[in-house]
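Biologist: I should like a close look at one part of this protein, namely a pair of packed helices and what surrounds them. Please take me through the packing in one connected account.

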Amino acid sequence: MYEPIRTKSVHRMADDDQNAYPHRSREEELDIQLAGHLSALLAVTDELGDAAAGERIAQQVARLRGAPPARHAGLSGSSPQSLHRRAHTLAGRALVVAASRADTAAAILAAERMDAHTAALTSPDLVSAP
């Protein structure tokens, strides 16, 4: 007939594994993405030599990560036009993530950087450069 189980089961429930490793919330994942896009933008901004914009971006990265970012140390040797295109793309990605996490400060900064790089790309000085 029926006899009660006297030993602990060797089988585990599927829910047991959820506490085995830490999970991140959607907001934490978006913070990580935004900090990554802004860090990449910071590297390109430093290469372009825009110290004021670099400091503003570094402040946002430090706010998101809780520590100051590593600054770009080397040069890629890319043309200013390709650097401005890359920075515009990175600022656009940061803007999308900042908007999805409702981070007004980062969204404004990203939009300003997009405008600055668009203006630089349409500048006659940059277009006529070899």
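Modeller: In this predicted model, helix α3, which covers residues 80–100, packs against helix α4, residues 104–122, at an angle of about 155°, and the two axes are 8 Å apart. Because an angle over 145 degrees counts as roughly antiparallel, α3 is roughly antiparallel to α4. The crossing of these two helices, α3 and α4, is left-handed. On the α3 side, the residues that meet α4 are Gln-81, His-84, Arg-85, Ala-87, His-88, Ala-91, Gly-92, Ala-94, Leu-95 and Ala-98. Their counterparts in α4 are Ala-106, Ala-107, Ala-110, Ala-111, Arg-113, Met-114, His-117, Thr-118, Ala-120 and Leu-121. By class, the residues of this contact of α3 with α4 comprise twelve nonpolar, six polar and two charged.

The loop between α3 and α4 contains Ala-102. The phi angle of Ala-102 is near 60°, which is a positive value in a residue other than glycine. Ala-102 has a relative accessibility of 66%, and therefore counts as exposed, the cut-off being over 50%.

Helix α3 also holds Val-97. In contrast to the loop residue, Val-97 has a relative accessible area of 7% and is therefore buried, since buried means under 20%. If residues up to four places away in sequence are not counted, Val-97 touches Leu-30, Gln-33, Leu-34 and His-37. For one of these, Leu-34, the C-alpha atom is separated from that of Val-97 by 5.9 Å, although the two residues are 63 residues apart along the chain.

Helix α4 has a further partner in α2. The axes of α2 and α4 cross at roughly 150° and come within 11 Å. By the same angular cut-off of 145 degrees, α2 is therefore roughly antiparallel to α4. This crossing, of α2 and α4, is left-handed. From α2, the contact draws on Ala-53, Arg-56, Ile-57, Gln-60 and Arg-63; from α4, it draws on Ala-105, Ala-106, Leu-109, Glu-112 and Arg-113. The residues of the contact of α2 with α4 divide into five nonpolar, one polar and four charged. Two residues of α4, Ala-106 and Arg-113, appear in the contact with α3 and also in the contact with α2.

Gln-60 merits a separate description. This residue belongs to helix α2, which comprises residues 51–65. Its relative accessible area is 13%, so Gln-60 is buried. Apart from neighbours within four places in sequence, Gln-60 is in contact with Leu-38, Ala-105, Ala-106 and Leu-109. Of these partners, Ala-105, Ala-106 and Leu-109 are among the α4 residues in the contact with α2.

The wider setting of these contacts is as follows. The protein chain has five helices and zero strands, and along the sequence it follows the pattern α-α-α-α-α. It has 130 residues, of which 29% count as buried; Val-97 and Gln-60 are buried residues. Among contacts in the chain with a separation of 6 or more, 68% are accounted for by residues 24 or more positions apart. Finally, the accessible surface of the protein chain comes to about 8,800 Å², and 56% of that surface belongs to carbon and sulfur atoms.

How values were computed
Residues are numbered from 1 along each chain as its sequence is written. This is a predicted model: local features need pLDDT of at least 70, side-chain atom pairs count only at pLDDT 80 or more; totals for chains, interfaces and linings use all residues. Side-chain values use heavy atoms; hydrogens and water are left out. Helices (H or I, at least four residues) and strands (E, at least two) are DSSP runs, numbered from the N terminus. Buried means under 20% relative accessible area, exposed over 50%, partly exposed in between (1.4 Å probe, protein chains only). Contact means heavy atoms within 4.5 Å. Accessible areas come from the Shrake-Rupley method with a 1.4 Å probe; for residues, only the protein chains shown count as cover. Axes are lines fitted to C-alpha atoms, for helices over the stretch in contact, and angles run from 0 to 180 degrees between N-to-C directions. Angles under 35 degrees count as roughly parallel, over 145 as roughly antiparallel, 65 to 115 as roughly perpendicular and the rest as oblique. A crossing is left-handed if the near helix is turned anticlockwise from the far one by less than a right angle, and right-handed if clockwise. Ala, Val, Leu, Ile, Met, Phe, Trp, Tyr, Cys and Pro count as nonpolar, Asp, Glu, Lys and Arg as charged, and the others, Gly among them, as polar.
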